[in-house]
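Reader: I should like to learn how one reads the features of a protein model. May we go through one together, step by step?

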Amino acid sequence: MRYGLVGASGRMGQEIQKAFAEHTLCLTVDINGETCDDTPQVIVDFSNRMALPRTIELCRLHRAGLVVGTTAIVQEDIELLRKLGEEVPVVQSFNFSVGVNILKMVLRQFAPYLEDWDLEICETHHNKKKDAPSGTAILMREVTGRNCPTHSLRMGGVPGDHSAFFANEGEVLEFTHRALSRSVFALGAYRAAQFVVNAEPGFYSFEEVIACAPRKSSSL
Ligand code: NAD
């Protein structure tokens, strides 16, 4: 696979290069400039929303699909990505870990049974993360259909912890996901890129990527 990388020198950019090590990086974009020596089949963007217009332009120029994990993008950006999805496949997610996407499915299914319980969401990330609450915490709130209190901690090197706490007078039910390393997001982006190179144009979530190609557990 020939791929382009927006945010190539960033923390996630470095992880993505490790996860895509067997493939050819032929286009890079960073705050300081661009390099291009071939036509990418897919562009991966983990950078900053300011880079998004150029990313979209590059996808059109090269007819490349897109995997975009940049957070703090707004509805207007999502509309631009949906429009791009009419021409090439686009996978957008605020969280490319398999576990968080399963957690979202669980919350979507079971939160309606807990409507009369209190609900609060907590997330912890490393102290360099710029946005708060995290895009994932916002999605967790959305799938429960409740505008519940959301708490953000920014400390140390934590790659990303998310919890939903439900409680009534007698019980507490806790759903927690912990990313142990940034590499999980890069591996998810890799899985999405493999999907993109074979997919029809469209605007896809990472949940759809997981549902479309379930992995067999190694214990089966
Ligand atoms: P970082 O600060 O280490 O790197 C940012 C990169 O973006 C750098 O390479 C920088 O040069 C580039 N950049 C910034 N502004 C730019 C611009 N205007 N034009 C071109 N390039 C620009 O950040 P990071 O920790 O690598 O995170 C990058 C993004 O990925 C953030 O939005 C973060 O929240 C997100 N992220 C998403 C997931 C996910 O699963 N969706 C997981 C982790 C991080």
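Author: Certainly; please keep in mind that this is a predicted model. Let us begin with helix α3, residues 75–84, whose buried residues are Asp77, Ile78, Leu81 and Leu84. Viewed down the axis of α3, these buried residues fall within an arc of 115°, so they line one face of the helix.

Reader: Which exposed residues does the face of α3 turned away from its buried side carry?

Author: That face carries Gln75 and Glu76.

Reader: Against which elements do the buried residues of α3 pack?

Author: They pack against helix α2 (52–62) and against the strands β5 (65–68), β6 (89–92) and β11 (202–204).

Reader: Several of these elements are strands. How should I read a sheet in general?

Author: Strands of a sheet pair through backbone hydrogen bonds, either parallel or antiparallel. One therefore reads the order of the strands and then the sense of each pairing. In this model, an open sheet of 7 strands has the order β3-β2-β1-β4-β5-β6-β11, and its pairing is mixed.

Reader: Which are the edge strands of this sheet?

Author: They are β3 (33–36) and β11, each of which pairs on one side only. From one strand to the next, the twist averages 15°. As an example of a pairing, β2 (residues 24–30) and β3 run antiparallel and are joined by 4 bridges. Within that pair, Thr28 stands opposite Thr35 in β3.

Reader: Which strands does helix α1 lie across?

Author: Helix α1 (residues 11–19) lies across β1 (2–6), β2 and β4 (42–45), and runs at about 165° to β1. Helix α6 (residues 183–196) lies across β4, β5, β6 and β11, and its angle to β5 is about 160°.

Reader: What is the strand order in the open sheet of 4 strands?

Author: The order there is β8-β7-β9-β10, again with mixed pairing. Its edge strands are β8 (150–154) and β10 (172–178), each pairing on one side only. Neighbouring strands of this sheet are turned by 15° against each other on average, direction ignored. Helix α4 (residues 98–110) packs on the sheet and touches β9 (161–167) and β10; the direction of α4 makes about 155° with that of β10.

Reader: In what sense do β7 and β8 pair, parallel or antiparallel?

Author: Strand β7 (residues 118–125) pairs with β8 in the parallel sense, over 5 bridges. His125 stands opposite Arg154 in β8. By contrast, β7 and β9 run antiparallel, joined by 7 bridges, and Asp118 stands opposite Ala167 in β9.

Reader: How many residues does the hairpin between β9 and β10 pass through?

Author: The hairpin joins β9 to β10 through 4 residues. These two strands pair in the antiparallel sense over 7 bridges, and Val172 in β10 is the bridge partner of Ala167.

Reader: Why is β9 described as largely enclosed by the rest of the structure?

Author: One counts its buried residues: 5 of the 7 residues of β9 are buried, so the strand is largely enclosed by the rest of the structure.

Reader: How should I read an annotation taken from a record?

Author: One states its origin and then examines the residues in the model. An unreviewed UniProt entry places the feature "binding site" at His126, Gly135 and Thr136. The lining of the largest pocket takes in His126, Gly135 and Thr136 from this set.

Reader: Is His126 buried or exposed?

Author: Buried means under 20% relative accessible area. At 10% relative accessibility, His126 therefore counts as buried. His126 lies in the loop between β7 and α5 (135–144). Leaving aside residues up to four places away in sequence, His126 touches Arg11, Arg154, Met155, Gly156, Gly157, Val158 and Arg182. Gly135 lies in helix α5 and, at 7% relative accessibility, counts as buried.

Reader: Where does Ala132 lie, and does it count as buried or exposed?

Author: Ala132 lies in the loop between β7 and α5 and, at 51% relative accessibility, counts as exposed. Its contacts, not counting residues up to four places away in sequence, are Glu123, Ser152 and Arg154. Ala132 and Thr150 are 18 residues apart in sequence, and their C-alpha atoms are 9.5 Å apart in space.

Terms used:
Residues are numbered from 1 along each chain as its sequence is written. This is a predicted model: local features need pLDDT of at least 70, side-chain atom pairs count only at pLDDT 80 or more; totals for chains, interfaces and linings use all residues. Side-chain values use heavy atoms; hydrogens and water are left out. Two strands pair if DSSP finds at least two bridges between them. Axes are lines fitted to C-alpha atoms, for helices over the stretch in contact, and angles run from 0 to 180 degrees between N-to-C directions. Contact means heavy atoms within 4.5 Å. Buried means under 20% relative accessible area, exposed over 50%, partly exposed in between (1.4 Å probe, protein chains only). The arc is that of the directions from the helix axis to the C-beta atoms. UniProt positions are given in the numbering used here, feature names are shortened, and annotations may be inferred rather than shown by experiment. On a 1 Å grid over the protein atoms alone, a cavity is a set of points where a 1.4 Å probe fits but cannot get out, and a pocket is an open set with protein on both sides within 12 Å along at least five of seven lines; lining residues have an atom within 4 Å of a point.
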